[in-house]
Amino acid sequence: MKSVSIIGGGFAGLAAGVALADAGWRVHLIEKRPFLGGRAYSFLDSTTGSVVDNGQHLMMGCYRETFAFLKKIGSLDLVHFQDRSRVDFLDAQGQATLECPQLPAPLHLFVGLLGLKGLSLAEKLGTLRLGGTLRLKNGKLHRKIGHLTVDEWLTACGQSPRIKERFWEPLAVATLNEDIKIAPATLLAKVLQDGFGGTRRDSSMVTSKVGLSDLYTRQAVEFIEVRGGTVQLKTGVSQIKFEAGRCSGIELTDGTTVQADAYISSVPYFSLRRMIAEEIGTRVPEFAQWWDFRSAPIISINLWFDRPVTDLPFAGLLGTQVQWVFNKDVILNRTQAKTQHLSLILSAAHVHQRTPKEQLVEMAVAELQTVLPASRQAKLVHSFVIKEHDATFSASPAAEKARPGARTSFANFFLAGDWTDTGLPATIEGAVLSGHRAAQLVSEK
């Protein structure tokens, strides 16, 4: 059997490992932490015993690579697909709902948008102006809007400030994790093409019925190990060695060296930087081009109330700093719970990275009370804040041009991860796609 060493045990690394184990390769996966999951994992809150995700991940029905991966490892039944695409929005005036009827895509989105309160008919009809761009593919799309931010593209398409604030901005920030004045238009266009330009199922929202770690980590490990592979936790990498145009081995922090026929790095760019000697990192083109990448943070504010305050599974919040609220009791089917666990999300949270956690909780509770009147009578019994400072790369038109592909200048060394050039935002689907692409290149050797 040919062997492959994979650095990193998140979605990208495990997807690559499963694909290669299935193809007959002996997989050795190395993970620094004592648990798998990368930047998509879960754990038990010691106070309440609740399952807490390090950040709420909302998937879409168009995540074909993700669902193929979950099906292969036997986990597809652990996700829930909406019967029809529906997203609720809450503000101080009440609730507005975008619900797509059973019509062919993308007509179902446009008809659903017509029923969304808070926007004029002219603003809703104005969304059709984006249609010409969304019909463009690949190179043509990048030539037309590759230099534009989301905000610039929306303005060029005649989108009003109000529809930006009440529809486009919540969608863009949630999927791209960056301010619309920074994020690239091409990534939002790709999300709209994939999510709303195919089948009705593509636009349905998908949630995990279990904690993120329980969705895929154990199952992927079992798949790899039963095919002769190994998964090694609590194992750090000090340096990736290169010689004569190839990767010659991985030096571990304990001083030992791992050697294989092929190697995949699936760790984030900021981790990979520390594993590559600076003279190589700044000299090799595909490494040097992302050396100046920066991160975009996500903050999750978990609140437990003494009573239920909403029956919505999730909702976008308008007119608040917190952008989304997820009802963990509904999502995880804890419908008999007397308390309620809500996870509130602050994406692109640059200005709040240093805000004390106590202040973040106070802000989240106050904002929740403005959009959910039932929460005003509820008592907060517990809170837990998670700051993921390096949740994703900071997406911009310049960063899009700098994202490296899976193939490198070294014949047996490949890159995976949601930050690589997948054409997608830094999402679960992007991570799994990158792992599958790297595995395909390895298999061709």
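**Figure 1. Arginine 166 sits buried and holds on to a partner far along the chain.** At 18% relative accessibility, arginine 166 counts as buried (that label means under 20% relative accessible area, while exposed means over 50% and partly exposed is in between, using a 1.4 Å probe and protein chains only). Its salt-bridge partner is aspartate 91, with 3.0 Å from N to O. For a salt bridge, a side-chain nitrogen of Lys or Arg has to be within 4 Å of a carboxyl oxygen of Asp or Glu. Aspartate 91 belongs to strand β7 (residues 86-91) and arginine 166 to helix α8 (residues 161-176), so this pair ties together parts that are 75 residues apart in sequence. Aspartate 91 is buried too, at a relative accessible area of 9%. A word on the names: helices (H or I, at least four residues) and strands (E, at least two) are DSSP runs, numbered from the N terminus.

Before you go on, keep in mind that this is a predicted model, where local features need pLDDT of at least 70 and side-chain atom pairs count only at pLDDT 80 or more, while totals for chains, interfaces and linings use all residues. Residues are numbered from 1 along each chain as its sequence is written, and side-chain values use heavy atoms, with hydrogens and water left out.

**Figure 2. More salt bridges from the model, which has 16 by this rule.** Arginine 307 and aspartate 306 meet through their side chains at 3.1 Å, N to O. Arginine 307 is partly exposed, at 36% relative accessibility, and aspartate 306 is also partly exposed, at 28%. Elsewhere, the side chains of arginine 403 and glutamate 400 form a salt bridge at 2.8 Å, N to O. Here both arginine 403 and glutamate 400 are buried. Then there is a little network: salt bridges link Arg86, Asp88 and Glu99.

**Figure 3. Strand β18 is tucked away inside.** Eight of the eight residues of β18 are buried, so the rest of the structure largely encloses this strand. Look at which way its side chains go: Gln340, Leu342, Leu344 and Leu346 point one way, His341, Ser343, Ile345 and Ser347 point the other way, and all are buried. Strand β15 (residues 295-305) pairs with β18 in the antiparallel sense over eight bridges; two strands count as paired if DSSP finds at least two bridges between them. One spot to find is serine 300, whose bridge partner in β18 is isoleucine 345. Strand β17 (residues 324-327) also runs antiparallel to β18, and four bridges join them. Here, phenylalanine 326 stands opposite serine 343 of β18.

**Figure 4. Two residues with positive phi turn up on either side of β18.** Asparagine 333 has a positive phi of about 60°, although it is not a glycine. You'll find asparagine 333 in the loop between α14 (328-331) and β18 (340-347), and it counts as exposed at 59% relative accessibility. Alanine 348 isn't a glycine either, yet has a positive phi of about 45°. Alanine 348 is in the loop between β18 and α15 (357-371).

**Figure 5. Three strands make an open sheet.** The order is β5-β9-β6, and the pairing is antiparallel. β5 (59-60) and β6 (79-81) stand at the edges with a single partner strand each, so one side of each has no neighbour in the sheet. Two bridges pair β5 with strand β9 (residues 205-208) in the antiparallel sense. To see where they meet, find methionine 59, which stands opposite valine 206 in β9.

**Figure 6. Four leucines make a nonpolar patch on the surface.** Leu114, Leu121, Leu125 and Leu128 together have about 360 Å² of accessible area, computed by the Shrake-Rupley method with a 1.4 Å probe, where for residues only the protein chains shown count as cover. Patches take residues with over 30% relative accessible area and no salt bridge; like charges are joined within 9 Å, and nonpolar side chains (Val, Leu, Ile, Met, Phe, Trp, Tyr) within 5 Å. Leucine 125 is part of helix α4 (residues 121-126) and counts as partly exposed at 40% relative accessibility.

**Figure 7. Lysines and arginines form a positive surface patch.** Its members are Lys2, Arg246, Arg407 and Lys445. Lys and Arg count as positive and Asp and Glu as negative, with His and the chain ends not counted; the place of a charge is taken as NZ of Lys, CZ of Arg, CG of Asp or CD of Glu. Lysine 445 lies in the segment after α17 (428-443). With a relative accessible area of 37%, lysine 445 is partly exposed.
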